[in-house]
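Visitor: I'm new to this one, so please show me the structure and start with the words I'll need.

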Amino acid sequence: MKRFHVHVAVPDLAHGISFYSTMFSAKPAVVKDDYAKWMLDDPRINFAISTRGYATGVNHLGFQVDDDDELVAMHDQLQGADEELVTQTGTTCCYAKADKYWVTDPAGIAWETFHTLSDVPVFGADTQPQVAAPSTACCAPAAVELPRTGACCPSAE
């Protein structure tokens with residue numbers, strides 16, 4: 001079986017190991033002075049691309065769960081990794097309606113954990129009142145800012 005590979009440069013290895021170990025609920029399989037690697041069997045990967053006006057490169061990473069129970073179970077892990085977790089309920093984005101949690105890792109990358117509720121016919125804009133401004137991560141709430149330019153899915157006013 002193949003594994004999807006993601007490599008993220010982090011400013012502080014110890015902080016990164018702590019964050020990802022908490023978020024993945026697993027210790028790294030390999031730790032060096034300048035490197036750590038997790039070999040995870042769960043989650044499976046949902047990979048998407050778009051041309052929505054944000055900077056080329058990684059926009060955000062995340063986990064798609066199969067049901068509400070899995071999403072609720074992820075809450076404590078995500079909260080432990082980033083105390084500034086942002087919750088979205090019934091948000092519409094990327095041709096889907098979903099419940100989501102957002103966290104930001106030590107390198108400033110937004111991580112989305114979501115359960116898709118239904119498909120929608122448009123790319124969508126986040127309509128939740130707690131999201132006051134567009135973010136640089138596609139459909140991320142304003143509280144989940146990345147050091148990139150551009151935006152997608154501007155909030156409905």
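Guide: Three words first: a residue is buried under 20% relative accessible area, exposed over 50%, and partly exposed in between (1.4 Å probe, protein chains only). What you see is a predicted model, in which local features need pLDDT of at least 70 and side-chain atom pairs count only at pLDDT 80 or more, while totals for chains, interfaces and linings use all residues. Residues are numbered from 1 along each chain as its sequence is written, and side-chain values use heavy atoms, leaving out hydrogens and water.

Visitor: In what order do the elements run from the N terminus on?

Guide: Helices (H or I, at least four residues) and strands (E, at least two) are DSSP runs, numbered from the N terminus. The protein has two helices and six strands. Listed from the N terminus on, they read α-β-β-β-α-β-β-β.

Visitor: What share of the residues counts as buried?

Guide: The protein has 157 residues to sort through. The part that counts as buried is 39%.

Visitor: Is D69 buried or exposed?

Guide: D69 sits in helix α2, which covers residues 68-81. Its relative accessible area is 64%, which is over 50%. Therefore D69 is exposed.

Visitor: And M74, is that buried or exposed?

Guide: M74 is also part of helix α2. Its C-alpha atom is 7.9 Å from that of T113, a residue 39 places away along the chain. The relative accessible area of M74 is 13%, so M74 is buried.

Visitor: Which strand pairs with β4 in the antiparallel sense?

Guide: Strand β4, residues 86-93, has six buried residues out of eight, so the rest of the structure largely encloses it. Two strands pair if DSSP finds at least two bridges between them, and β4 has six with its partner. Among the bridges, T87 goes with Y101 and T91 with A98. The partner strand, spanning residues 96-104, is β5.

Visitor: Which residue has a positive phi in the turn of the β4 and β5 hairpin?

Guide: Two residues lie between β4 and β5 in that hairpin. The one you want has a phi of about 50° and is partly exposed, with a relative accessible area of 34%. Its C-alpha atom is 9.0 Å from that of D119, 25 residues away in sequence. The residue is C94.

Visitor: How many bridges join β5 to β6?

Guide: Strand β5 is mostly covered, with seven of its nine residues buried. It runs antiparallel to β6, and one of the bridges puts K100 opposite F114. Five residues lie between the strands in their hairpin, where G108 has a positive phi near 90°. The number of bridges joining β5 to β6 is nine.

Visitor: Which residue forms a salt bridge with K100?

Guide: Side chains of opposite charge can pair when their charged atoms come close. A salt bridge here is a side-chain nitrogen of Lys or Arg within 4 Å of a carboxyl oxygen of Asp or Glu, and a search of the whole structure finds one. In this pair the closest N and O atoms are 2.8 Å apart, and K100 and its partner are both buried. The partner of K100 is E112.

Visitor: Where in the chain is E112?

Guide: E112 and K100 link distant parts of the chain, twelve residues apart. K100 belongs to strand β5. E112 belongs to the strand of residues 110-119, β6.

Visitor: Which residues make up the covered face of β3?

Guide: Strand β3, residues 60-64, pairs with β6 in the parallel sense over five bridges. In one of the bridges, F63 faces T113. H60, G62 and Q64 are on the uncovered face. The covered face is made of L61 and F63.

Visitor: Which residue in the loop between α1 and β1 has a positive phi?

Guide: Most residues other than glycine have a negative phi, and most peptide bonds are trans. The loop runs between α1 (13-24) and β1 (30-32), and the residue you're after has a phi of about 55° although it is not a glycine. At 55% relative accessibility, this residue counts as exposed. It is S25.
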